[in-house]
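User: I am new to this structure and would like a close look at a single part of it. Please pick up one helix and the strands beneath, then work outward from there.

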Amino acid sequence: MKISHIEHIGIAVKSLDEAVPFYENILGLKCYAIEEVTDQRVKTAFFRVGDTKIELLESTDPEGPIGKFIENKGPGIHHIAYAVEDVNDSLTELEQNGVRLIDKTGRKGAEGLNIGFLHPKSTLGVLTEVCGKE
Ligand code: ZN
């Protein structure tokens, strides 16, 4: 598996209406896309920071993964996503190396990317995502 860069950092927020103005007006970043990912029960807002993006995640369902995360831990950094060439190959390789996977194969994430999550119990407590075009 070859990681080229950090594709994005996922940050759980209570409300995009509250968070987007902070990133735009205080940090000076530009929100270039807002997208709802019904599969993950979130609404996302994206900002570019060099090759890396910040992905703000607002829950659309208290029982969804971000809704539960905020209830348990409050808003904050949720996951780190690494860019890889081929998500399915990477997941296979990770599993062969004993990493517990949340997604056995890639699925569609925001921005049409193929994504797969690794279990934080296997990644020293950091919820880790691999994502790529393939
Ligand atoms: Zn992500």
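Analyst: Start with helix 3, residues 87-96. Helix 3 lies across strand 5, strand 7 (114-118) and strand 8. Its direction makes an angle of about 15 degrees with strand 7. Keep in mind that this is a predicted model.

Take strand 7 next. How many of its residues are buried? The count is 5 of 5, so strand 7 is mostly covered, given that buried means under 20% relative accessible area. Both faces are covered. On one side sit Asn-114, Gly-116 and Leu-118. On the other side sit Ile-115 and Phe-117. Each of these residues is buried.

Now look at the partners of strand 7. Strand 8 pairs with strand 7 in the antiparallel sense, over 5 bridges. Within that pairing, Leu-118 has Thr-128 of strand 8 as its bridge partner. Strand 6 also runs antiparallel to strand 7, and 2 bridges join them. There, Lys-108 stands opposite Asn-114 of strand 7. Strand 6 and strand 7 form a hairpin, with 5 residues between them. In the turn, Glu-111 has a positive phi of about 60 degrees.

Move across to strand 5, residues 76-84. Strand 5 pairs with strand 8 (residues 128-132) in the parallel sense, over 4 bridges. Two positions mark this pairing. Ala-81 stands opposite Glu-129 in strand 8. Ala-83 stands opposite Cys-131 in strand 8. Ala-83 of strand 5 is also the bridge partner of His-5. That leads to strand 1, which runs antiparallel to strand 5 and is joined to it by 8 bridges.

These pairings belong to one open sheet of 8 strands. The order is 2-3-4-1-5-8-7-6, and the pairing is mixed. Which strands form the edges? They are strand 2 (31-37) and strand 6 (107-108), each pairing on one side only.

Follow the sheet to strand 2. Tyr-32 has its place in this strand. With a relative accessible area of 28%, Tyr-32 is partly exposed, because that value lies between the 20% limit for buried and the 50% limit for exposed. Leaving out residues up to four places away in sequence, Tyr-32 touches Phe-46, Phe-47, Arg-48, Lys-53 and Glu-111. Glu-111 is the residue with the positive phi in the hairpin turn between strand 6 and strand 7. Arg-48 is 16 residues from Tyr-32 along the chain, and their C-alpha atoms are separated by 7.9 Å.

Thr-44 lies in strand 3. Is Thr-44 buried or exposed? Its relative accessibility is 1%, so Thr-44 counts as buried. Beyond residues up to four places away in sequence, Thr-44 touches a list of residues including Ala-33, Ile-34, Glu-35, Leu-56 and Ala-110.

Between strand 2 and strand 3 there is a loop, and Gln-40 is found in it. Gln-40 has 16% relative accessibility and counts as buried. With neighbours within four places in sequence left aside, its contacts include Lys-108, Ile-115 and Phe-117. Ile-115 and Phe-117 share one side of strand 7, so Gln-40 brings the account back to the starting point, as a buried residue in contact with both.

What about the nonpolar cores? The largest has 11 residues, among them Ile-11, Val-13, Leu-16, Ala-19, Phe-47 and Leu-56. Strand 1 (3-13), helix 1 (16-26), strand 3 (42-49) and strand 4 (52-59) each give two or more residues to this core. Helix 1 supplies the largest share, 4 residues. One of the core residues, Ala-19, touches Val-13 and Leu-56, residues up to four places away in sequence not being counted. A second, separate core of 9 residues includes Val-37, Leu-57, Ile-66 and Ala-110. In soluble globular proteins, nonpolar side chains tend to be buried together.

Finally, step back to the whole protein. It has 3 helices and 8 strands. Along the sequence they follow the pattern β-α-β-β-β-α-β-α-β-β-β. The radius of gyration is 15 Å, close to the 14 Å that the globule rule gives for 134 residues, so the protein is as compact as a globular protein of that length. Buried residues make up 43% of the 134 residues.

Methods: Residues are numbered from 1 along each chain as its sequence is written. This is a predicted model: local features need pLDDT of at least 70, side-chain atom pairs count only at pLDDT 80 or more; totals for chains, interfaces and linings use all residues. Side-chain values use heavy atoms; hydrogens and water are left out. A nonpolar core is a set of buried Ala, Val, Leu, Ile, Met, Phe, Trp, Tyr and Cys residues joined through side-chain atoms within 4.5 Å. Buried means under 20% relative accessible area, exposed over 50%, partly exposed in between (1.4 Å probe, protein chains only). Contact means heavy atoms within 4.5 Å. Two strands pair if DSSP finds at least two bridges between them. Axes are lines fitted to C-alpha atoms, for helices over the stretch in contact, and angles run from 0 to 180 degrees between N-to-C directions. The radius of gyration is taken over C-alpha atoms; the globule rule is 2.2 Å times the number of residues to the power 0.38.
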